[in-house]
Amino acid sequence: MRPSERTIELLRTLVSFDTTSRHSNLPAIEFVRDQLSALGVASEIVWHEQDRKANLYASIGVGRNANTDPWSVSGGIALSAHTDVVPVEGQHWATDPWTMTEVDGRLYGRGTADMKGFLAVVLAALPRFVEAELTTPLHLVCSPDEEVGCVGVLPLLAELERRDARPAVAIVGEPTSMQVVRAHKGHYAFRGRVTGVEAHSSAAPRAVNAVEYAARIVTRIAEIARRKADGGPFDERYPVAHTTLHTGVLEGGTAFNIVPRHARFEFEIRTVAGDSHEELFGEIESFAFGELLPEMRSVYPEAAIEFEVLSATRGLDTAPEEAVIEEAQALVRDLGPGGLGQVSYATEAGLFQAAGIPAVVCGPGSIEQAHGPNEYIELDQLARAERFMDRLLERVTR
Ligand SMILES: [Zn+2]
């Protein structure tokens, strides 16, 4: 199946904006806002970073009421898409990543699968939603800074909460090949910095060895990881059924005969439902601050251990009996592989759930093509997402 030319053109434009997370996402947001205002749909901007990183929020209310103040509409179905993409640097692309190129039923370009394809399909369908008389409101969420720890959508979710304008459910259109995904692990990443004091290695006992203290924290992280693997909790739907912890970076020191002053390490925690990252991180912190730091400071009062949060994406665990699941499954019935999925990558859906908005992940394209070079989406996947929008239109006008 082939999607409409309109969807393809919209996607071509969206791909042409280099919205790599380190850049502004405003070109994409302004484009979406123009599309909406041409239809008479008002949209609100909620900044994640003033004048640089924006959320866009728009609503089509019930009745013949396109130009609705989005904050005045609670309930309804929200469709959510992040506008940022991962970098292309260091990747070998056969085509220009910012010029969408069609080859053999596939559209190549950065963000085609993750997740501008979904956004293009939604934008192409919107005129019909505006013309129809809705009985259930429809909302559009476009967020920044998803690819850097899902942090960009947080100010918008806070605003919805503050104004008591929460949608009833959210569908996050990340690429799942149109399968309804109800669960993923939480993902939290941290950087630790240890500051000791240098000395010639012959005087080691009078110094504070930053690398050794960092290594003790890393060892504690590995011990907790083993405990989780042995004792759970377990969620057998995941290929790795328990919470995992691991250290990915450990650096420090300059030479074997100098007691090192600095060390740095980075670690992550991926939680299953039933495990709290606060508790696990708290355990690491209290070991560092309660046991190690006093020992370090007895030698050198300025010794320090610091932690910084690099990424905090809540897990998603929407209960099978939540209405959003049946709703989403009805919309995709024969469009995807069927069944209920769980995935190992993190999305914004867990944040919606935490904000009191039951959510699922469901969108066109495959996560296997996301993030790598030569990212593509199949034309057939976009066409399937268009069928999904047709059914959604029936659903919200019923
Ligand atoms: Zn994504």
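**Zinc site, salt bridges and cores**

Modeller: Let's start with the metal: along the chain, the donors of the zinc ion follow the spacing H-x31-D-x59-E. Keep in mind that this is a predicted model, where local features need pLDDT of at least 70 and side-chain atom pairs pLDDT 80 or more, while totals for chains, interfaces and linings use all residues. Residues are numbered from 1 along each chain as its sequence is written, and side-chain values use heavy atoms, leaving out hydrogens and water.

Biologist: What makes atoms of the protein donors of the zinc ion?

Modeller: Distance: a donor is an N, O or S atom within 2.8 Å of the metal (3.2 Å for Na, K and Ca), and sites may look incomplete because water is not among the atoms. H82 (NE2), D114 (OD) and E174, which gives two OE atoms, lie 1.8 to 2.6 Å from the zinc ion, so they pass the cut-off.

Biologist: Why is the site of the zinc ion called irregular?

Modeller: Four donors are tetrahedral if all angles lie between 85 and 135 degrees; four are square planar, and six octahedral, if opposite donors are over 155 degrees apart and all others between 65 and 115; anything else is irregular. The 4 donor atoms here make angles of 54 to 137 degrees, so the site is irregular.

Biologist: Why do you say that H82 and E174 tie parts together?

Modeller: H82 lies in strand 3 (residues 77-82) and E174 in the loop between strand 7 (169-172) and strand 8 (180-184), so the pair ties together parts 92 residues apart in sequence. Strands (E, at least two residues) and helices (H or I, at least four) are DSSP runs, numbered from the N terminus.

Biologist: How do you know whether H82 is buried or exposed?

Modeller: Buried means under 20% relative accessible area, exposed over 50%, partly exposed in between (1.4 Å probe, protein chains only). H82 has 0%, so it counts as buried. E174, at 3%, is buried as well.

Biologist: What makes K228 and D275 a salt bridge?

Modeller: A salt bridge needs a side-chain nitrogen of Lys or Arg within 4 Å of a carboxyl oxygen of Asp or Glu. The closest N and O atoms of K228 and D275 are 3.0 Å apart, so the pair qualifies. K228 lies in helix 5 (residues 210-231) and D275 in the loop between strand 13 (262-271) and helix 6 (277-299), so parts 47 residues apart are tied together. K228 is buried at 9%, and D275 is buried at 15%.

Biologist: Why is E251 called partly exposed?

Modeller: Its relative accessible area is 43%, so it falls in the middle class. R264 has 21% and is also partly exposed. E251 and R264 meet in a salt bridge (2.9 Å, N to O).

Biologist: How many salt bridges does a search of the whole structure find?

Modeller: It finds 28.

Biologist: And which residues touch the most other members of the largest nonpolar core?

Modeller: L79, L123, F129, L140, F388, M389 and L392, in a core of 59 residues. Helix 3 (residues 112-131) gives the most to this core, with 11 residues. A nonpolar core is a set of buried Ala, Val, Leu, Ile, Met, Phe, Trp, Tyr and Cys residues joined through side-chain atoms within 4.5 Å.

Biologist: Why does L126 count as buried?

Modeller: Its relative accessibility is 4%, so it is under the limit. L126 sits in helix 3.
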